[in-house]
Amino acid sequence: MGFDIPEPYVWDESFKVFYDNLDEEHKSLFKAVFDCAGDRGSSDKLANLVSVTVNHFTNEEAMMQKAKYSDFPAHKSAHEGFVAKIKGLKTPLDDATVHFAKEWLVNHIKTTDFKYKGSL
Ligand SMILES: [Fe+2]
Ligand SMILES: [Fe+2]
């Protein structure tokens, strides 16, 4: 997919979904991936990534459900796939894994999350 991966890996305004709580959580997700990328052997940083990801998805899914958002099932299953993947990771993380996580988050926000803009 064709979106640029920020380098350094930091959230910027091109990722805005215009819900302040979700934008703040997306910033935290970028930071958690950035921290893992810079410390590949840290199981604490990997555990933190899993934790902030699960927390964000829980909140985002609750907002979609509350709004009776029609794409909720597909969106939730995209979340579940990513959570399963990162929960199965072991340190040290390799380049392919770090790249996968960076790319997944960029593409997920700019394609899947962007669809709910204005609807929640
Ligand atoms: Fe999402
Ligand atoms: Fe999101």
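In this predicted model, the iron ion (ligand 1) lies 3.4 Å from the iron ion (ligand 2), and Glu-60 coordinates both of them. A reader new to the structure may find it convenient to begin at this pair and then to follow the chain outward from it.

The iron ion (ligand 1) is held by Glu-60 through OE, by His-75, His-79 and His-108 through their NE2 atoms, and by Asp-113 through OD, with distances of 2.0 to 2.2 Å. Read along the chain, these donors follow the spacing E-x14-H-x3-H-x28-H-x4-D. The site brings together distant parts of the chain, since His-79 belongs to helix H3 (residues 72-87), whereas Asp-113 sits in the segment after H4, 34 residues apart from His-79. Both His-79 and Asp-113 are buried.

Turning to the iron ion (ligand 2), its protein donors are His-26 (NE2), His-56 (NE2), Glu-60 (OE) and Asp-113 (OD), which lie 2.1 to 2.2 Å from the ion. Along the chain, the donors of the iron ion (ligand 2) are spaced as H-x29-H-x3-E-x52-D. Here, too, distant parts of the chain are linked, with His-26 in helix H1 (residues 20-38) and Asp-113 in the segment after helix H4 (95-112), 87 residues apart. What arrangement do the 4 donor atoms around the iron ion (ligand 2) form? The arrangement is irregular, because the angles that these 4 donor atoms subtend run from 85 to 170°, while four donors count as tetrahedral only if all angles lie between 85 and 135 degrees, and as square planar only if opposite donors are over 155 degrees apart and all others between 65 and 115.

Is His-26, one of these donors, buried or exposed? His-26 has a relative accessibility of 0% and therefore counts as buried, the cut-off for this being under 20% relative accessible area. Asp-113 likewise has a relative accessible area of 0%, so this residue is buried.

From His-26 the path leads on to the packing of two helices. The axes of H1 and H4 come within 10 Å and cross at roughly 165°. Angles over 145 degrees count as roughly antiparallel, and H1 and H4 are therefore roughly antiparallel to each other; their crossing is left-handed. On the H1 side, the residues that take part in the contact are His-26, Leu-29, Phe-30, Val-33 and Ala-37, and in H4 they meet Val-98, Ala-101, Lys-102, Leu-105, Val-106 and Ile-109. His-26 thus appears both among the donors of the iron ion (ligand 2) and among the residues of H1 that meet H4.

How values were computed. Residues numbered from 1 in each chain as written. Chains lettered and ligands numbered in written order. Predicted model: local features only at pLDDT ≥ 70, side-chain atom pairs only at ≥ 80, totals over all residues. Heavy atoms only, no water. Donors = N, O, S within 2.8 Å, 3.2 Å for Na, K, Ca; no water. Tetrahedral: all angles 85-135°; square planar, octahedral: opposite > 155°, others 65-115°. Helix = DSSP H or I, 4+ residues; strand = E, 2+ residues; numbered from the N terminus. Buried < 20%, exposed > 50% of the residue type's maximum accessible area, 1.4 Å probe, protein only. Axes fitted to C-alpha atoms, helices over the stretch in contact; angles between N-to-C directions. Parallel < 35°, antiparallel > 145°, perpendicular 65-115°, else oblique. Left-handed = near helix turned anticlockwise from the far one by under 90°. Contact = heavy atoms within 4.5 Å.
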